[in-house]
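Biologist: I'm new to looking at protein structures, and I'd like to learn how to read one. Could you walk me through it, feature by feature?

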Amino acid sequence: MSAPVPLIAERFRKQFQGKPLLVVSPGRVNLIGEHTDYNEGFVLPGATDKVVVFAVAPRADGLCHFVSRDFNQEFRCELGRFYRSPLRWPDYLQGVLDQFVKAGHRISGVSCVFGGDIPIGAGMSSSAAIEGGLAFAINALFGLGLDSLTLVKMAQKAENEFVGVRCGIMDQFINVFGRAKTVLKIDCRSLGYEHIPFEREDLRIVISDTLVRRELASSEYNVRRGQCEAGVNVLRTHDPAIRSLRDVTLDLLREHRAELEPVVFRRCEYVVRENIRVGDACAALARNDFTVFGGLMNLSHAGLRDDYEVSSAELDALVEAARRVPGVLGARMMGAGFGGCTISLVEAGAVPEFEARVARDYEAQMGKAPKIHVIRIEQGTRAVDLP
Ligand code: GLA
């Protein structure tokens, strides 16, 4: 990973004065627990060795000057006079600064260069990496002393309020709290969490990117949230203690099936089942039973495809191609869906065959090659020195 750090530092040195703070902010994988976070359920993500690197320094002139090294684009605005940009990437950064300004923190404008190697829009949370990384940097640069959970919530609100996606808390949470070689079981209601070792010399996490990016993702995402809320509103009339799908059992849901629109029932059933699967997956991890764990990943995909309906032909093709390779324990789409990538749990020795066969099968079916990454789970957002 360390390669991007000198590149970002060098770009900062060329363009701005002073010594910047360097921050490394990871993307995320999610082993299981998809579309459960905003239903106050459970998720099981890990922070990745694919990262966004920031070089940030304060400025005296009240300006915010952002440079995206990857897009080779720049954006300037006055601190506090933020505006939506057609470039889109500045909105994630402005959204974070907006949170600091709104909360009344004393900060100045900044010079900021950023870039990295998280595939953008692939469902690996490059957006949360940008938000979490800048929130961490601002907190450190201005000595604000905010705790990690406050930064997580500010990063999430940046996306909810400024970007306009009603995302849950998973991505920003793992971005800040991630730890090397472990996955994080997050209770998205209490925000309690548990680091669970996730390391086996003989297994690899493999991400396969469809390279399909769909604008649909954010609008459909908000639609799914609305459907879950619609289900909760009906079920709550029977039990006022029900605050979210987290409180709903399969039995209760089935009992009231007739009162729910069929599509709402399917969405709710998926979420209730997925929460159960996260619990089962953690129990399997405790037994070191990765065969059961992989099987649960497969079931998660089926639910996302058939009941939650957030998969796509490309994602299904990648999942099916992956499962044809001997040594694949499980495969599913990852993240919000519609495009982006899949996650597969693969025996280390099977990775070369996976790369060759999945690429070949997908290309034969879809007419283009996927991009395949073997991922390591690393620490969450942190300050670094030049190597
Ligand atoms: C996106 C959101 C997360 C989560 C996932 C789906 O990544 O940012 O909050 O809802 O989709 O699990």
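Modeller: Gladly, and let's begin with paired strands, bearing in mind that this is a predicted model. Strand E4 (residues 63-68) and strand E5 (73-78) run antiparallel, joined by six bridges.

Biologist: Which residue in E5 is the bridge partner of Ser68?

Modeller: The partner of Ser68 is Gln73. The hairpin of E4 and E5 has four residues between the strands, and there Asn72 takes a positive phi near 55°.

Biologist: Which other residues have a positive phi without being glycine?

Modeller: One of them is Glu40, whose phi is about 60°. Look for Glu40 in the loop between strand E1 (21-30) and E2. Another is Arg88, with a positive phi near 75°. Arg88 lies in the loop between E5 and helix H2 (89-102).

Biologist: How do I read whether Glu40 and Arg88 are covered or open?

Modeller: Use the relative accessible area: under 20% is buried, over 50% is exposed, and in between is partly exposed. Glu40 has 22%, so it is partly exposed. Arg88 has 45%, so it is partly exposed too.

Biologist: Where is Asp61, and what does its side chain contact?

Modeller: Asp61 sits in the loop between strand E3 (45-58) and E4. Its side chain makes a polar contact of 2.7 Å with the side chain of Arg59. The side chain of Asp61 also reaches the backbone nitrogen of Leu63, at 3.1 Å. With a relative accessible area of 45%, Asp61 is partly exposed.

Biologist: How do I relate distance along the chain to distance in space?

Modeller: Take two residues and compare the count between them with the separation of their C-alpha atoms. Asp61 and Val263 are 202 residues apart along the chain, and their C-alpha atoms are separated by 53 Å. For Ala140 and Arg200, the figures are 60 residues in sequence and 35 Å in space. Pro6 and Leu22 are 16 residues apart along the chain, with 9.7 Å between their C-alpha atoms.

Biologist: In which helices would I find Pro6 and Ala140?

Modeller: Pro6 has its place in helix H1 (residues 4-15), and Ala140 is found in helix H3 (residues 126-141). Pro6 is partly exposed, at 35% relative accessible area. Ala140 also counts as partly exposed, with 43% relative accessibility.

Biologist: Now a whole helix: how many residues of H5 are buried?

Modeller: Eight of the eight residues of helix H5 (residues 170-177) are buried, so this helix is largely enclosed by the rest of the structure. Among them are Met170, Asp171, Phe173 and Ile174.

Biologist: How does strand E10 look by the same reading?

Modeller: Strand E10 (residues 328-333) is mostly covered, with six of its six residues buried. E10 is joined to strand E11 (residues 341-347) by five bridges, and the two run antiparallel. As one example, Gly330 has Leu345 in E11 as its bridge partner.

Biologist: How do I read a sheet with more than two strands?

Modeller: Follow the order of the strands, then look for the edges. Here three strands form an open sheet in the order E2-E7-E8, with antiparallel pairing. The edge strands are E2 (42-43) and E8 (193-197), each of which pairs on one side only. Between E2 and strand E7 (residues 182-187) there are two bridges. Phe42, for instance, has Asp187 in E7 as its bridge partner.

Biologist: Let's finish with the ligand. Which residues are around it?

Modeller: They include Arg28, Glu34, His35, Asp37, Tyr38, Cys167, Gly168 and Tyr221. Met170 and Asp171 are also around the ligand, and both are among the buried residues of H5. The shell divides into five nonpolar, three polar and four charged residues. Domain 1 (4-199 + 378-384) and domain 2 (204-375) each supply at least three residues to the shell.

Biologist: Which side chains have an N or O atom 2.5 Å from an oxygen atom of the ligand?

Modeller: Asp37 has one at that distance, and so does Tyr221. For His35, a polar backbone atom is 2.6 Å from an oxygen atom of the ligand. Taken alone, the ligand exposes 310 Å², and the protein buries 93% of that.

Methods:
Residues are numbered from 1 along each chain as its sequence is written. This is a predicted model: local features need pLDDT of at least 70, side-chain atom pairs count only at pLDDT 80 or more; totals for chains, interfaces and linings use all residues. Side-chain values use heavy atoms; hydrogens and water are left out. A residue is near a molecule or strand if one of its heavy atoms lies within 4 Å of it. A polar contact is a pair of N or O atoms within 3.5 Å; within protein, one must be able to donate a hydrogen and the other to accept it, and residues adjacent in sequence count only if both atoms are side-chain atoms. Accessible areas come from the Shrake-Rupley method with a 1.4 Å probe; for residues, only the protein chains shown count as cover. Ala, Val, Leu, Ile, Met, Phe, Trp, Tyr, Cys and Pro count as nonpolar, Asp, Glu, Lys and Arg as charged, and the others, Gly among them, as polar. Domain bounds come from an automatic or database domain assignment. Buried means under 20% relative accessible area, exposed over 50%, partly exposed in between (1.4 Å probe, protein chains only). Two strands pair if DSSP finds at least two bridges between them.
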